[in-house]
Amino acid sequence: MPENDIDWPGYLREFHTAAPGSTEALLSRAVAGDHTPYRWLVRAVSGEARRVLDLACGNGPVARELYGRWVVGVDNNAAQLAGAPGPKVQADALHLPFANEAFDVVTCSIGLAVLQPLPAVLAEAARVLRRGGVLAAIVPAVRPLRRSDLRTITSLTTRLRSTPQFPAGGEIKDLKDQLRLAGFDVMESQRERYAYTVRTLDDARILVGALYLPGTSDARRESAAVWLSERAETKDGLQVAIPVRRITAMRTKVALH
């Protein structure tokens with residue numbers, strides 16, 4: 001289905017209401033060295049930060065990584081938000097119910113690839129950040145990948161007859177420019193390859209169930225999950241790569257319009 005034809009707000013609402021925590025179940029088991037994408041994200045949060053807003057928080061994996069810190073979670077989906085720990089607010093990212101400069105840090109895991117329109121989301125994040133405050137986010141990336149990763153991903157998408165999609169596309173190529181226009185100075189942009197290991201059919205279902213696949217039937221998802229699990233059995237486990245980009249930016253000035 002062409003991205004322009006997708007009712008993304010409706011699709012995302014149905015997806016996360018039907019399967020709350022699906023993204024978190026996948027990424028919390030994706031590893032690179034000693035860390036998950038969530039742990040990598042919170043490493044960008046200064047120990048001196050006292051007031052943290054977790055935007056599009058889902059069921060709260062970032063707040064759990066920041067245990068003991070004051071973290072307010074915001075999400076527009078009640079089913080997702082129900083599983084989040086600590087203070088939480090159901091709200092639209094375009095209309096955050098907080099005062100100007102209320103937070104030291106805004107974190108966002110994957111949400112920048114989902115929330116639209118992105119320039120307005122970034123402007124609102126800048127508004128609630130104090131000057132000198134930091135936005136730390138992870139978003140999907142298209143690299144780094146190994147040659148074996150490409151073979152696995154190509155075979156998987158062939159069986160799904162679809163490619164996983166995000167409202168912002170496969171990777172937000174102009175994210176640095178959009179951040180600058182919103183009043184941020186980009187401090188860091190790095191990429192990391194995470195690996196999710198499939199050993200059982202349940203492992204495969206977690207992976208396939210977390211993918212945004214508008215127009216793909218449950219039967220097609222199940223068929224792909226079965227294929228993954230069968231291939232994993234022959235290899236004593238199958239790694240599926242999940243490339244992620246981490247970007248941090250400091251709010252330094254009023255947004256440009």
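Trainee: Which residue in E7 does Ile-138 stand opposite?

Mentor: In this predicted model, Ile-138 faces Arg-246 of strand E7. That pair belongs to a set of 7 bridges between strand E5 (residues 129-140) and E7, and the two strands run antiparallel.

Trainee: How many bridges join strand E6 to E7?

Mentor: There are 14 bridges between E6 (residues 184-198) and E7, again in an antiparallel arrangement. To find your place there, look at Tyr-194, whose bridge partner in E7 is Ile-242.

Trainee: Why is E7 described as largely enclosed by the rest of the structure?

Mentor: A general idea helps when you look at side chains here: along a regular strand they alternate between the two faces of the sheet. As for E7 (residues 238-251), 12 of its 14 residues are buried, so the rest of the structure largely encloses this strand.

Trainee: Now the nonpolar core. Which residues have the most contacts inside the largest one?

Mentor: The general idea is that nonpolar side chains tend to be buried together in soluble globular proteins. Here the largest nonpolar core has 77 residues, and Leu-53, Leu-112 and Leu-228 have the most contacts inside it. Try Leu-53 as an example: setting aside neighbours within four places in sequence, its contacts include Val-72, Leu-96, Phe-98, Phe-103 and Val-128.

Trainee: How many salt bridges does the structure hold?

Mentor: The structure holds 13. Let's start with Arg-39 and Glu-65, whose closest N and O atoms are 3.3 Å apart. This pair links distant parts of the chain, with Arg-39 in helix H3 (residues 37-42) and Glu-65 in helix H4 (residues 61-65), 26 residues apart. Arg-39 is partly exposed at 37% relative accessibility, and Glu-65 is partly exposed too, at 29%.

Trainee: What separates Glu-124 and Arg-127 in helix H6?

Mentor: About one helical turn, because they are 3 residues apart in H6 (residues 118-128). They form a salt bridge with closest N and O atoms 2.9 Å apart. Glu-124 is buried, with a relative accessible area of 11%, whereas Arg-127 is partly exposed at 25%. The cut-off to keep in mind is that buried means under 20%.

Trainee: And which residue forms a salt bridge with Arg-205?

Mentor: Its partner is Glu-222, and the closest N and O atoms are 2.6 Å apart. Here too distant parts of the chain are linked: Arg-205 lies in helix H9 (residues 201-209) and Glu-222 in helix H10 (residues 218-235), 17 residues apart. Arg-205 is partly exposed at 38%, as is Glu-222 at 29%. Finally, have a look at Arg-51, Asp-104 and Arg-130, which are joined into one network by salt bridges that share partners.

Methods:
Residues numbered from 1 in each chain as written. Predicted model: local features only at pLDDT ≥ 70, side-chain atom pairs only at ≥ 80, totals over all residues. Heavy atoms only, no water. Buried < 20%, exposed > 50% of the residue type's maximum accessible area, 1.4 Å probe, protein only. Helix = DSSP H or I, 4+ residues; strand = E, 2+ residues; numbered from the N terminus. Pairing = 2+ DSSP bridges. Core = buried A, V, L, I, M, F, W, Y, C linked by side-chain atoms within 4.5 Å. Contact = heavy atoms within 4.5 Å. Salt bridge = Lys/Arg side-chain N within 4 Å of Asp/Glu carboxyl O.
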